[in-house]
Amino acid sequence: MSRIGKQPVAIPAGVTVTVANGNEVTVKGPKGELSRAFQKGISVQVQGAEVLVSRADDSRNQKSFHGLSRTLVRNMIEGVTKGFSRELVIEGTGFKAAVQGNKAVLTLGFASPKEYLIPAGCTVTVTGDVNVKVEGIDKQQVGEAAARIRSYYPAEPYKGKGIRYKDEKIRRKEGKTVA
């Protein structure tokens, strides 16, 4: 049995979890609503103030989805109560970001600025032109949005220019030496 999958997920006050057809879960909370359909053979039950995830058999496929499904349910509950956020830092001379409507406009030293269309359910805020914060209730969507923004100019190891996560450490390299 999966060590993570067999652990129950606590439902905090103010959150409602409903299960349809045994594997379609909808979580409603103060920040919003999330729903997800899980793999066949994975069943989700609400017992009191806990959510239990179980699997149909011990096949390799079912075992691999058991712990994943439990973690996804926990992330849904955490998302509708607290929400998720990722912080990015832009470093480089003249590099900056701004939000215009539903687009993040990134000036990164290219001939034209890069524009990122912010997905529904996510909010992007920019402070000081170089600190970008991506927030939302869906952990996967927040992570994907932050990764796409970072992918326009990942931090390079020689000068440290580019976009990096706030907690990311860039290993700096020494440049070429002239004899």
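Visitor: Where is the place of asparagine 23?
Guide: Ground rules, since this is a predicted model: local features need pLDDT of at least 70, side-chain atom pairs count only at pLDDT 80 or more, and totals for chains, interfaces and linings use all residues. Residues are numbered from 1 along each chain as its sequence is written, and side-chain values use heavy atoms, leaving out hydrogens and water. Helices (H or I, at least four residues) and strands (E, at least two) are DSSP runs numbered from the N terminus. On that basis, asparagine 23 is in the loop between strand S2 (16–20) and S3.

Visitor: Is asparagine 23 buried or exposed?
Guide: The cut-offs are under 20% relative accessible area for buried, over 50% for exposed, and partly exposed in between (1.4 Å probe, protein chains only). Asparagine 23 has 15% relative accessibility, so the label is buried.

Visitor: Which residues are in contact with asparagine 23, leaving aside neighbours within four places in sequence?
Guide: Contact here means heavy atoms within 4.5 Å. Glutamate 78 is 55 residues along the chain from asparagine 23, with 19 Å between their C-alpha atoms. The contacts of asparagine 23 beyond four places are Arg36, Ala37, Phe38, Gln39, Lys40 and Ile42.

Visitor: And threonine 26, what is it in contact with beyond four places in sequence?
Guide: Threonine 26 belongs to strand S3 (residues 24–28). Valine 73, 47 residues apart from it in sequence, is 9.3 Å away C-alpha to C-alpha. Outside the four-place window, threonine 26 is in contact with Thr16, Val17, Thr18, Glu33, Leu34 and Ser35.

Visitor: Which residues have the most contacts inside the largest nonpolar core?
Guide: A nonpolar core is a set of buried Ala, Val, Leu, Ile, Met, Phe, Trp, Tyr and Cys residues joined through side-chain atoms within 4.5 Å. In soluble globular proteins, nonpolar side chains tend to be buried together. The largest such core here has 20 residues, and the ones with the most contacts inside it are Leu88, Ile90, Val134 and Ile149.

Visitor: Which element supplies the largest share of this core?
Guide: At least two residues each come from strands S7 (84–91), S9 (103–107), S11 (122–127), S12 (131–136) and S13 (162–165), and from helix H2 (139–151). The largest share is 4 residues, and it comes from H2.

Visitor: How many residues are in the second, separate core?
Guide: Before leaving the largest core, look at valine 134: beyond four places in sequence it touches residues including Phe84, Cys122, Val124, Val142 and Ile149. The second core is separate, with Val27, Phe38, Val73 and Val80 among its members, and its count is 17 residues.

Visitor: Is glutamine 62 buried or exposed?
Guide: Glutamine 62 is in helix H1 (residues 60–81). Past four places in sequence, it is in contact with Lys40, Gly41, Ile42, Arg55, Ala56 and Asp57. Its relative accessibility is 8%, so glutamine 62 counts as buried.

Visitor: What does glutamate 91 touch, not counting residues up to four places away?
Guide: Glutamate 91 sits in strand S7. Its 30% relative accessibility makes it partly exposed. The residues glutamate 91 touches are Gly160, Lys161, Gly162 and Arg164.

Visitor: What is the phi of aspartate 129?
Guide: Aspartate 129 is in the loop between S11 and S12, and it is partly exposed at 43% relative accessible area. It isn't a glycine, yet its phi is positive, at about 65°.

Visitor: How far apart in space are arginine 148 and tyrosine 116, C-alpha to C-alpha?
Guide: Arginine 148 lies in helix H2 and is partly exposed, with a relative accessible area of 47%. Tyrosine 116 is 32 residues from arginine 148 in sequence, and the C-alpha distance is 8.2 Å.

Visitor: Zooming out, what is the radius of gyration of the protein?
Guide: The secondary structure amounts to 2 helices and 13 strands. The globule rule gives 16 Å for 179 residues, and the protein is well over that, so it is more spread out than a compact globule, with a radius of gyration of 21 Å. That radius is taken over C-alpha atoms, and the rule is 2.2 Å times the number of residues to the power 0.38. To restate the value, it's 21 Å.

Visitor: What does the C-alpha trace span along its principal axes?
Guide: Of the 179 residues, 33% count as buried. Residues 24 or more positions apart make up 48% of the contacts with a separation of 6 or more. Along the principal axes, the C-alpha trace spans about 65 × 45 × 25 Å.
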